[in-house]
Each structure stands twice: as structure tokens, then as C-alpha cells.
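Here are my notes on the fold, as numbered points. They go through helix packing, then the sheets, then overall size.

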Amino acid sequence: MEVIVQPTAEEATEVAARIVGNLIRRKPDAVLGLATGSTPVRLYQKLVEKALDWSRITVFNLDEYVGLPQEHPQSYRVFMRENLFNQTNIRLENTHIPDGNAADLPASCRAYEEKIREAGGVDLQLLGIGSDGHIGFNEPTSSLASRTRIKTLTPRTRADNARFFGGEDAVPHHVVTMGIGTILESKKILLLAFGEGKAEALAGAVEGALTATNPASALQMHEKAIVCADAAAASRLARLDYYRWVYENKPQWQKE
Ligand code: F6R
């Protein structure tokens, strides 16, 4: 795993925006895997500011709540429209978000996997990390081989997300999420982690044992996983000085 630590979330986001922006310029028909939540909001703003050409880009989002009306302000479709889609020239038919209202959810999950395959797979998957180590909504103990499916949120994640819903009771219990196996098939992964609340989960993911109790630790199995963290999220990493040295002394041939 490549671990890039910057003093602030703003600076870590700047690095991430460079990685994503470079990919879009280099491969104008790239397939991106996208995340929601507070972590990537600033990244999306920075990508919008770069005035990139999204006309041939295809995106697949990680997850969606089950049973929230599509136009609910906390649905991830609305989130993506407001934070990215409406401010770029992406074609809406090239944007894919799991359908949390499908009459047949398992069939819809299978179809989502099929669509990713038909698109040629995800070139770059963007991830946040839950305070319990979840990626997508693959909660602790999720199978490391899992595919897109329905998951039940843990009380901790529902409490973490209560801030978006004005209270825990309003947070849905169920979600549809890409699986860990699905995520690991992306050609490259970029995980963003900001704030002290993510420090323990990030340390487990990067330096702990590979375990389903910290789903993000599955990224240790990926050939090209990059972590962009701020100092607070990186504060529990034991090898911080090493990661800093590696990044600051990266040879030209390894740079993005
Ligand atoms: C969102 C997602 C989640 C979030 C995670 C962190 O699509 O898949 O894994 O990335 O819950 O959320 P924030 O960024 O709000 O701390």
C-alpha cells in the first residue's frame, strides 16, 4: 500500500485531486468508482474547479440506502448530483448508483455487477473509511470475497451517519453496497481518510492483520492501493516517518 500523509485534509485532498484529474486527462473514457459521505466532498469541488472533460467518463457509485426515495435529500443519487454530476458535463446515462428501491434487490445487485463488467471494470475506485474500518458499506465481518449485495448497517455506522439525517432513528438499517471482492477488482484504489475519528481504523487497515473485522485491511491484498490521509487520521500509524520519506523521495518514474 502506498501511504501519502499530508498535514491537512485540504492538502491530502489536493494530492487525491491530482491523481484523479491526471487519470481523467490520460484516459478520457475512464471508469471511476465513486464514494459519498463527507470525505470526498472537497475532492469533488476540486475536480469541478479543474474543468475536466467528463463527457466520456463512466462512474459507478459504491452504495445506496435501501428504501430511501430517490429524491430524498440523503439519497446518494441526490448527493452525487449536487456534489459532482450537475457541475460537470458527465452524461447522466453514464452514471450508475445501486438501486435501493428495486423490486428485486438481489437481481438488481447482480445486474450492477454485470454493468461494471460490461464497462470494462473500474479503473480507479475512490473510497472513504468508516470509523469501524468499513469500505463501501461492507461492515466488519463482511466476507472479503463479497459482491454487490444488501447489507445491514451496524449501530456504530448508523450513529456516525445520524448527523446527515438529523437523528439516528431516521438512518435506514439496510443498504446496497459493492462487495469487498468487487472493490478489489478495481485496477487502482484511492482511499481518503481525514480526522482523528478514522485513526484507529486506518492503523488497522494499513498495519494491522488482514481481517474481516477491519474490512479496509483487505486493501493489503490489492496491487495498487493508495491511501491519502491527513495527519490526524494518520496519527496511529507506527511507520509514519517511513511513509513520509517514501513519498518525499519518490523517484520521477514512480510519480503520477
Ligand atoms: C460512502 C461509503 C462509506 C463512507 C464512510 C465514511 O459511499 O461508502 O464507506 O466512505 O462511511 O464516511 P464519511 O466520509 O462521511 O466519514
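1. Axes here are lines fitted to C-alpha atoms, for helices over the stretch in contact, and angles between N-to-C directions run from 0 to 180 degrees. Keep in mind that this is a predicted model.

2. Start with helix 2 and helix 3 (residues 76-83). Their axes come within 10 Å and cross at roughly 40°. That angle makes helix 2 oblique to helix 3. On the helix 2 side, the contact uses V41, Y44 and V48; helix 3 supplies F79, M80 and N83. By class, this contact has five nonpolar residues, one polar and no charged ones.

3. Helix 2 (residues 41-49) also meets helix 1 (residues 9-26). Here the axes come within 9 Å, and the crossing angle is roughly 50°. Helix 1 and helix 2 are therefore oblique to each other. The crossing of helix 1 past helix 2 is right-handed. Helix 1 makes the contact with E10, T13, E14, A16, A17, V20 and G21. Helix 2 answers with R42, L43, K46 and L47.

4. Which classes of residue make up the contact of helix 1 with helix 2? Five are nonpolar, two polar and four charged. For the contact of helix 2 with helix 3, recall that the charged count is none.

5. Now the seven-strand sheet. This sheet is open, its strand order is 1-10-9-6-2-3-5, and its pairing is parallel. Strand 1 (2-6) and strand 5 (95-96) stand at the edges. Each has a single partner strand, so one side of each is left without a neighbour in the sheet.

6. At the strand 5 edge, the partner is strand 3 (residues 58-61); two bridges join this parallel pair. F60 has H96 in strand 5 as its bridge partner.

7. A second sheet is built from three strands. This one is also open, with the order 4-8-7 and antiparallel pairing. Its edge strands are strand 4 (63-65) and strand 7 (149-152), each of which pairs on one side only. Neighbouring strands in this sheet are turned by 30° against each other on average, direction ignored.

8. What packs on this three-strand sheet? Helix 4 (residues 105-118) does, touching strand 7 and strand 8. The direction of helix 4 makes about 120° with that of strand 7.

9. Next, the pairing in detail. Strand 4 and strand 8 (residues 174-177) pair in the antiparallel sense over three bridges. Y65 stands opposite V175 in strand 8. E64 stands opposite V176 in strand 8. On the other pairing, strand 7 and strand 8 run antiparallel and are joined by four bridges. The bridge partner of I150 in strand 8 is V176. V176 thus turns up twice: opposite E64, and as the partner of I150.

10. Finally, the whole chain. Its secondary structure comes to eight helices and ten strands. The radius of gyration is 17 Å, close to the 18 Å that the globule rule gives for 256 residues, so the chain is as compact as a globular protein of that length. Along its principal axes, the C-alpha trace spans about 50 × 40 × 35 Å.

Definitions and conventions. Residues are numbered from 1 along each chain as its sequence is written. This is a predicted model: local features need pLDDT of at least 70, side-chain atom pairs count only at pLDDT 80 or more; totals for chains, interfaces and linings use all residues. Side-chain values use heavy atoms; hydrogens and water are left out. Angles under 35 degrees count as roughly parallel, over 145 as roughly antiparallel, 65 to 115 as roughly perpendicular and the rest as oblique. A crossing is left-handed if the near helix is turned anticlockwise from the far one by less than a right angle, and right-handed if clockwise. Contact means heavy atoms within 4.5 Å. Ala, Val, Leu, Ile, Met, Phe, Trp, Tyr, Cys and Pro count as nonpolar, Asp, Glu, Lys and Arg as charged, and the others, Gly among them, as polar. Two strands pair if DSSP finds at least two bridges between them. The radius of gyration is taken over C-alpha atoms; the globule rule is 2.2 Å times the number of residues to the power 0.38.
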